[in-house]
Amino acid sequence: MAARLAGALDARGASTTILSARWQADWPAEIDRHGVRVIRLPNPATRVWGTWRYMQAVAHWLRTHRSKFDVAYVSMLKHDAYAAITASRGSFPVVVRAEGAGLTGDCHWQLEATCGLRIKRRCQRADALVAPSPAIERELIAAGYSRRRIHYIPNGVVMPEPCEAANRAQARTDLAEADPSLAIGNAPLTVYTGRLHPMKGLDDLVRAWPQVLKELPAARLWLVGDGPYRVELNDLIGRLGLWGFVYLAGAYDDVEEFLRAADLFALPSLEEGMSVAVLEAMAMGLPVIASAIPANETIVADNVTGRLTPLRDANRLATLIVELLKDRRQAGRLGTEARRLVGEKYSLDRMVDSHLKLFDDLIQSRDR
């Protein structure tokens, strides 16, 4: 999301530079990503020392390049935010964007992490905080952050061409050529994109698949992404005898072709901030099945812009998957409404407009 926002800001004439960690020593220290300059700062692998060294590098870069930027925008209320606010000392506005909610969110991290409370106190001095969902906004308020500094700016995504039968077939052909394991012909296809993490509820999605196969023997499930839960999911797929039906596709920088190839998108997560993956699927015009949690309910209205399913209910999840894969009229109606909603409220253009206004307001308030 940070890279996508940076590119969109740059396209509007707001020159943008991304600071990130140099996670591998053999990575180049600087790259160009779709026209945006990305600077990778030292981050040694040694725990604690590596984090401290990276924080020092962030603060040093901001101080030495102060004359070249107007605003520092930081993703997550963690070490980068501490470093940026420390470097600022009031000389430039710092905007911090909270990421995630619940047990995987920034507010909970600050309660559990080493030096988390110290980082929280420093983050409370940020000039503004961005909450990408109502759930995150509520968490920030409950954690003691100033209401007047919190700005609700929902995630935004690019609006692609809508998915249709012809380009769906072409996407499947292209993916099969790149990876023969993705050759599925005209089989009904459900896709998930995102991290492979226990809180995404992917074990329920895999456990639902034997029931799906009873109704649709050719149905396929692709889990696109990587993460700490990959081994467990791989083992579960094997135990349930789902080889060939459920496929761990790996991580990709761009998942548009996977979405275009799909008939359905599923996200049975236990917690979310505001899912970019769901928004991308909805923008494509895909019908979406999502867990009935507050963040998902913000963008998915049951039987209007998608379907909601109870947490940890593999049977209900399977029933909805089969229903939408069989009923193409209902699936099409939900996909059309989902795409309309994203275009009206969650487009990348709207997100950029909101950020530019916030940045302008902060800069002007300092000039006065």
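Two residues or elements are in contact here when heavy atoms of one lie within 4.5 Å of the other. The model is predicted. This briefing covers two open sheets, one of three strands in the order 1-3-2 and one of four strands in the order 4-5-6-7. It then turns to the nonpolar cores, a pair of packed helices and two single residues.

**The three-stranded sheet**

- Strands 1, 3 and 2 make up an open sheet in that order, and the pairing is mixed.
- Strand 1 (17–22) and strand 2 (30–33) are the edge strands; each has a single partner strand, so one side of each has no neighbour in the sheet.
- On average, neighbouring strands of this sheet are turned by 30° against each other, with direction ignored.
- Strand 1 and strand 3 run parallel and are joined by six bridges. One residue of this pairing is S20, whose bridge partner in strand 3 is R40.
- Strand 2 and strand 3 (residues 36–42) run antiparallel, with four bridges between them. Here E30 stands opposite I39 of strand 3.
- A hairpin is formed by strand 2 and strand 3, with two residues between them. In its turn, H34 has a positive phi of about 50°.
- Five of the seven residues of strand 3 are buried, so that strand is mostly covered; buried means under 20% relative accessible area.
- Helix 2 (residues 49–64) lies across strand 1 and strand 3, and runs at about 135° to strand 3.

**The four-stranded sheet**

- Strands 4, 5, 6 and 7 form an open sheet in the order 4-5-6-7, with parallel pairing.
- The edges are taken by strand 4 (72–75) and strand 7 (150–152); each has a single partner strand, so one side of each is left without a neighbour in the sheet.
- The average turn between neighbouring strands of this sheet is 25°, direction ignored.
- Strand 5 (residues 94–97) runs parallel to strand 6 (residues 128–131), and three bridges join them. In this pairing, V95 has A128 of strand 6 as its bridge partner.
- Helix 3 (residues 79–88) lies across strand 4 and strand 5, running at about 170° to strand 5.
- Helix 6 (residues 134–142) also packs on the sheet, where it touches strand 6 and strand 7. The direction of helix 6 makes about 170° with that of strand 7.

**Nonpolar cores**

- The largest nonpolar core has 69 residues. Those with the most contacts inside it are L205, W209, W222, L223, F265 and I321.
- Helix 13 (residues 314–326) gives the largest share of this core, eight residues.
- Another core lies apart from it and has 37 residues, among them A81, I85, V94 and A143.
- Beyond its neighbours within four places in sequence, W222 is in contact with residues including L175, L182, I184, Y247, F258 and A261.

**Helix 13 and helix 14**

- Helix 13 and helix 14 (residues 328–345) pack at an angle of about 95°, and their axes are 5 Å apart.
- That angle makes helix 13 roughly perpendicular to helix 14, because angles of 65 to 115 degrees count as roughly perpendicular.
- On the helix 13 side, the contact is made by E323, L324, L325 and K326. On the helix 14 side, R328, Q330, A331 and L334 make the contact.
- By class, this contact has four nonpolar, one polar and three charged residues.

**R168**

- R168 is found in helix 7 (residues 165–178).
- R168 has a relative accessible area of 16%, so R168 counts as buried, the cut-off being under 20%.
- Not counting residues up to four places away in sequence, R168 touches C163, R260, A261, A262, D263 and R328.

**D127**

- D127 is found in the loop between helix 5 (116–123) and strand 6.
- The relative accessibility of D127 is 25%, so D127 counts as partly exposed.
- D127 and F92 are 35 residues apart in sequence, and their C-alpha atoms are 9.1 Å apart in space.
- Leaving aside neighbours within four places in sequence, D127 is in contact with F92, P93, V94, R149, L362 and R366.

Technical notes:
Residues numbered from 1 in each chain as written. Predicted model: local features only at pLDDT ≥ 70, side-chain atom pairs only at ≥ 80, totals over all residues. Heavy atoms only, no water. Buried < 20%, exposed > 50% of the residue type's maximum accessible area, 1.4 Å probe, protein only. Pairing = 2+ DSSP bridges. Axes fitted to C-alpha atoms, helices over the stretch in contact; angles between N-to-C directions. Core = buried A, V, L, I, M, F, W, Y, C linked by side-chain atoms within 4.5 Å. Parallel < 35°, antiparallel > 145°, perpendicular 65-115°, else oblique. Nonpolar A, V, L, I, M, F, W, Y, C, P; charged D, E, K, R; others polar.
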